[in-house]
Amino acid sequence: MYEGMSHMELQTILGEAIRGIIDEENTVEEREMALENGRAVNSIAKQMINNGRFILDAEKLQATIGSLTHSKATDLIGE
């Protein structure tokens, strides 16, 4: 089962994309491909971070009030 990707793994992938973009030994086409890949990874990473933030906020709220019975938040995170 897929368990997700850590923020450090995302940082590594984005760093590799940046290196591909700025590497002067790469052709223009290779740089453009690295740029497109970096944009795609960046977009996905932002969504992953937002999802994680949502889950953390729901957990903080649950810890504060004790229970989120019949909550839309718990429905969305699958609890």
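Trainee: Gln11 has its place in helix H1; what makes Gln11 count as exposed?

Mentor: In this predicted model, the relative accessibility of Gln11 is 52%, and a residue is called exposed when that value is over 50%. Gln11 therefore counts as exposed. As for where Gln11 stands with respect to Asn42, which is 31 residues away along the chain, their C-alpha atoms are separated by 9.6 Å.

Trainee: Leu14 lies in helix H1 as well, so why is Leu14 called buried?

Mentor: The relative accessibility of Leu14 comes to 19%, and the word buried is kept for values under 20%. Because 19% falls under that limit, Leu14 is classed as buried.

Trainee: Which residues does Leu14 touch, if those up to four places away in sequence are not counted?

Mentor: With those left out, Leu14 touches Gly38, Val41 and Asn42, and a contact of this kind requires heavy atoms within 4.5 Å. A separate value describes the backbone: the C-alpha atoms of Leu14 and Asn37, which are 23 residues apart along the chain, are separated by 8.9 Å.

Trainee: Ile21 also has its place in helix H1; what makes Ile21 count as partly exposed?

Mentor: Ile21 has a relative accessibility of 27%, whereas buried would need a value under 20% and exposed a value over 50%. Since 27% meets neither condition, the class in between applies, and Ile21 is therefore partly exposed. Once its neighbours within four places in sequence are set aside, Ile21 is in contact with Arg31, Ala34 and Leu35. The C-alpha atoms of Ile21 and Glu36, 15 residues apart along the chain, have a separation of 9.5 Å.

Trainee: How do you know that the side chains of Glu36 and Arg39 meet in a salt bridge?

Mentor: The N to O distance between these two side chains is 2.9 Å, and the rule asks for a side-chain nitrogen of Lys or Arg within 4 Å of a carboxyl oxygen of Asp or Glu. The pair Glu36 and Arg39 therefore satisfies the rule, under which the count comes to one salt bridge. Both partners lie in helix H2, three residues apart, which is about one turn of the helix.

Trainee: Why are Glu36 and Arg39 called partly exposed?

Mentor: Glu36 has a relative accessibility of 44% and Arg39 has a relative accessible area of 49%, while exposed would call for a value over 50% and buried for one under 20%. Each residue is therefore placed in the class in between, Glu36 at 44% and Arg39 at 49%.

Trainee: Turning to the largest pocket, which element gives the most to its lining?

Mentor: Helix H2, residues 28–65, gives the most, with eight residues. The pocket, with a volume of about 170 Å³, is lined by 10 residues, of which Met48, Asn51, Gly52, Arg53 and Ile55 lie nearest its centre.

Trainee: How many residues of the lining are nonpolar, polar and charged?

Mentor: There are six nonpolar, three polar and one charged residues in the lining. In this scheme Gly is counted as polar, so Gly52, a residue of the lining, is placed in the polar class.

Trainee: And for the protein as a whole, how many helices and strands are there?

Mentor: There are three helices and zero strands, and the elements run α-α-α from the N terminus on. Of the 79 residues, 16% count as buried.

Methods: Residues numbered from 1 in each chain as written. Predicted model: local features only at pLDDT ≥ 70, side-chain atom pairs only at ≥ 80, totals over all residues. Heavy atoms only, no water. Helix = DSSP H or I, 4+ residues; strand = E, 2+ residues; numbered from the N terminus. Buried < 20%, exposed > 50% of the residue type's maximum accessible area, 1.4 Å probe, protein only. 1 Å grid on protein atoms, 1.4 Å probe; cavity = no way out; pocket = protein on both sides within 12 Å on 5 of 7 lines; lining within 4 Å. Points joined across faces, edges and corners; volume = space filled by probe spheres on them.
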